[in-house]
Amino acid sequence: MTKRTKEILGRLDEAYGREYRCYLDHENPWQLLIAVILSAQCTDARVNIVTKELFQKYDSLEKFAAAELKELEQDIHSTGFYHNKAKNIIACARRILTEYQGEVPRELDDLLTLAGVGRKTANVIRGNVYEEPSIVVDTHVKRISNRLGFTKEEDPVKIEFDLMKALPKDHWILYNIQIITLGRTICTARSPKCGQCFLEDLCRAGDKTC
């Protein structure tokens, strides 16, 4: 780890702490998995509104596995892309029940066999449920990691591997949590508040408007 990287992580720790937290409301691993599937192209705030009632109506994996597709589509309609999401949630629940005895799997390769689960979703589960060192590349991580010079890639998988090389394992999960906060409040996609940013002197975004 370079001196510059250490300084960036130190400032992130000082600003946001080192507490693991998830922005999606859930009480167990399968609820988090479904919430993450719903979060694709949707805000966490909207997902939390939807799942508040959804998880009361479908209070077990068995109920999701037995759900009627059209009804579930209506239940999650406001999250967008509801047809594919509903189909994937049902298929995902069924596979967890039949192949994994109702337990959300821990290993990356197993998670990737579930409908609607890519590396981002799998790493959210591994990091938040099992506390396995995992890097989640969402829009904030992609944008800010480029601005900080940790990667020049656009492909999320390539960004993930660049960050695995640049960051120590004890910050893999924390980095995502901290960067989400930074990206929502200061280092926004449009009109970033560079003058307010505690990383401004370490940023490599050039004119700070990229």
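## Exercises on a predicted model

In this predicted model, helices α9 and α11 pack at an angle of about 85 degrees, and their axes lie 9 Å apart.

**Exercise 1.** Decide how α9 and α11 are oriented relative to each other, and then describe the residues that form their contact.

*Solution.* Begin with the angle: values from 65 to 115 degrees count as roughly perpendicular, and α9 and α11 are therefore roughly perpendicular to each other. Next, list the residues on each side of the contact: α9 contributes His140, Val141, Arg143, Ile144, Ser145 and Leu148, while α11 contributes Tyr175, Asn176, Ile179, Ile180, Leu182, Gly183 and Arg184. Finally, sort these residues by character, which gives seven nonpolar, four polar and two charged residues.

**Exercise 2.** Locate threonine 188, decide whether threonine 188 is buried or exposed, and describe its surroundings.

*Solution.* First, find the position in the chain: threonine 188 belongs to the segment that follows α11, a helix spanning residues 172-185. Second, consider accessibility: buried means under 20% relative accessible area, so threonine 188, at 15%, counts as buried. Third, look at the neighbours: leaving aside residues up to four places away in sequence, threonine 188 touches Arg143, Arg147, Gly183 and Lys193. Last, look for a polar partner: a polar atom of the threonine 188 side chain lies 3.4 Å from the backbone oxygen of serine 191.

**Exercise 3.** The whole structure holds twelve salt bridges; examine the one between aspartate 44 and arginine 184, and state which parts of the chain this pair ties together.

*Solution.* Start with the distance: the closest N and O atoms of aspartate 44 and arginine 184 are 2.9 Å apart. Then place both partners: aspartate 44 sits in helix α3 (residues 44-57) and arginine 184 in helix α11, so the pair ties together parts that are 140 residues apart in sequence. To complete the picture, compare the accessibilities: aspartate 44 is buried, with a relative accessible area of 17%, whereas arginine 184 is partly exposed at 42%.

**Exercise 4.** Set the salt bridge of glutamate 73 with lysine 70 beside the salt bridge of arginine 119 with glutamate 160, and say where the partners of each pair lie.

*Solution.* Take glutamate 73 and lysine 70 to begin with: their side chains meet at 3.9 Å, N to O. Both residues lie in helix α5 (residues 69-75), and they are three residues apart, which is about one turn of the helix. Glutamate 73 is buried, with a relative accessible area of 5%. Now turn to arginine 119 and glutamate 160, whose side chains meet at 2.7 Å, N to O. This pair links distant parts of the chain, with arginine 119 in helix α8 (residues 119-128), glutamate 160 in helix α10 (residues 156-166), and their positions 41 residues apart in sequence. Arginine 119 is partly exposed, with a relative accessible area of 25%, while glutamate 160 is buried at 6%. As a further step, salt bridges that share partners join Glu7, Arg11 and Asp201 into one network.

**Exercise 5.** Describe the place and the contacts of glutamate 132.

*Solution.* First, place the residue: glutamate 132 lies in the loop between α8 and α9 (139-148). Next, give its accessibility: with a relative accessible area of 21%, glutamate 132 is partly exposed. Then contrast sequence with space: glutamate 132 and tryptophan 172 are 40 residues apart in sequence, and their C-alpha atoms are 9.2 Å apart. Finally, name the contacts: not counting residues up to four places away in sequence, glutamate 132 touches Arg106, Arg126, Gly127 and Ile173.

How values were computed: Residues are numbered from 1 along each chain as its sequence is written. This is a predicted model: local features need pLDDT of at least 70, side-chain atom pairs count only at pLDDT 80 or more; totals for chains, interfaces and linings use all residues. Side-chain values use heavy atoms; hydrogens and water are left out. Helices (H or I, at least four residues) and strands (E, at least two) are DSSP runs, numbered from the N terminus. Buried means under 20% relative accessible area, exposed over 50%, partly exposed in between (1.4 Å probe, protein chains only). A polar contact is a pair of N or O atoms within 3.5 Å; within protein, one must be able to donate a hydrogen and the other to accept it, and residues adjacent in sequence count only if both atoms are side-chain atoms. Contact means heavy atoms within 4.5 Å. A salt bridge is a side-chain nitrogen of Lys or Arg within 4 Å of a carboxyl oxygen of Asp or Glu. Axes are lines fitted to C-alpha atoms, for helices over the stretch in contact, and angles run from 0 to 180 degrees between N-to-C directions. Angles under 35 degrees count as roughly parallel, over 145 as roughly antiparallel, 65 to 115 as roughly perpendicular and the rest as oblique. Ala, Val, Leu, Ile, Met, Phe, Trp, Tyr, Cys and Pro count as nonpolar, Asp, Glu, Lys and Arg as charged, and the others, Gly among them, as polar.
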